[in-house]
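Me: I have a small model open in front of me and would like to look closely at one part of it. Could you walk me through it slowly, as I am new to this?

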Amino acid sequence: ARKTGGRPIVTSGHRHGGRRGSQHRNCMAADIRVPGVSVTRIVAAARTAPDIGGIGTYCNGIVHVDVGPKRRWRHC
């Protein structure tokens, strides 16, 4: 919240089932949005967090962050 100027809302955390290898299955990921804050700003803040590895963006404004290996993606 300090880095984006808005309070993040977790839209998805732990998931049962889903894709094998998903960080969500291991409680190591969250999908977030920050009302009124651009995806670009959220991603920039996530990149500065030392433990964040995966950062993905979706067309609906949701940003995925996890503590897995460093990687980036955009899914539309």
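How many salt bridges does the count come to?

Reply: Happy to help! Please keep in mind that this is a predicted model. The count comes to two salt bridges. A general idea helps here: side chains of opposite charge can pair when their charged atoms come close. To find both pairs, let us start with the overall layout and then zoom in.

The protein chain has one helix and five strands. Going along the sequence, you meet them in the pattern β-β-α-β-β-β. In space, the five strands make an open sheet, and their order across it is β1-β2-β4-β3-β5, with mixed pairing. At the edges sit β1 (9–12) and β5 (71–75), each of which pairs on one side only. On average, strands that are neighbours in this sheet are turned by 30° against each other, if direction is ignored.

Next, find the helix. Helix α1, residues 39–48, lies across β2 (29–33), β3, β4 and β5, and it runs at about 175° to β3. Inside the sheet, β3 (residues 54–58) pairs with β4 (residues 63–66) in the antiparallel sense, over four bridges. If you want one contact point to click on, take Thr57, whose bridge partner in β4 is Val63.

Now for the salt bridges themselves. One of them joins the side chains of Arg15 and Asp31, with 2.5 Å from N to O. Arg15 belongs to the loop between β1 and β2, while Asp31 belongs to strand β2, so this pair ties together parts that are 16 residues apart in sequence. The two partners also differ in how much they are covered. Arg15 has 36% relative accessibility and therefore counts as partly exposed. Asp31 has 7%, so it counts as buried.

The other salt bridge is between Arg71 and Asp66, and here the closest N and O atoms are 2.7 Å apart. Arg71 counts as partly exposed because its relative accessibility is 30%. Asp66, at 1% relative accessibility, counts as buried.

While you are in this region, have a look at Pro69, which is in the loop between β4 and β5. Pro69 counts as exposed because its relative accessibility is 55%. Leaving aside residues up to four places away in sequence, Pro69 touches Gln23, Gly53 and Gly54. You can also compare Pro69 with Ile55: they are 14 residues apart in sequence, and their C-alpha atoms are 9.9 Å apart in space.

Finally, zoom back out to the whole chain. A compact globule of 76 residues would have a radius of gyration near 11 Å, and the protein chain has 12 Å, which agrees. Along the principal axes, the C-alpha atoms fill a box of roughly 35 × 25 × 20 Å. Of the 76 residues, 37% count as buried, and Asp31 and Asp66 are among them. The accessible surface of the chain comes to about 5100 Å², and 53% of this belongs to carbon and sulfur atoms. Among contacts between residues at least 6 apart in sequence, 35% join residues at least 24 apart.

So, back to your request: the salt bridges to look at are Arg15 with Asp31 and Arg71 with Asp66. Enjoy exploring them on your screen!

Notes
Residues are numbered from 1 along each chain as its sequence is written. This is a predicted model: local features need pLDDT of at least 70, side-chain atom pairs count only at pLDDT 80 or more; totals for chains, interfaces and linings use all residues. Side-chain values use heavy atoms; hydrogens and water are left out. Two strands pair if DSSP finds at least two bridges between them. Helices (H or I, at least four residues) and strands (E, at least two) are DSSP runs, numbered from the N terminus. Axes are lines fitted to C-alpha atoms, for helices over the stretch in contact, and angles run from 0 to 180 degrees between N-to-C directions. Contact means heavy atoms within 4.5 Å. The radius of gyration is taken over C-alpha atoms; the globule rule is 2.2 Å times the number of residues to the power 0.38. Buried means under 20% relative accessible area, exposed over 50%, partly exposed in between (1.4 Å probe, protein chains only). Accessible areas come from the Shrake-Rupley method with a 1.4 Å probe; for residues, only the protein chains shown count as cover. A salt bridge is a side-chain nitrogen of Lys or Arg within 4 Å of a carboxyl oxygen of Asp or Glu.
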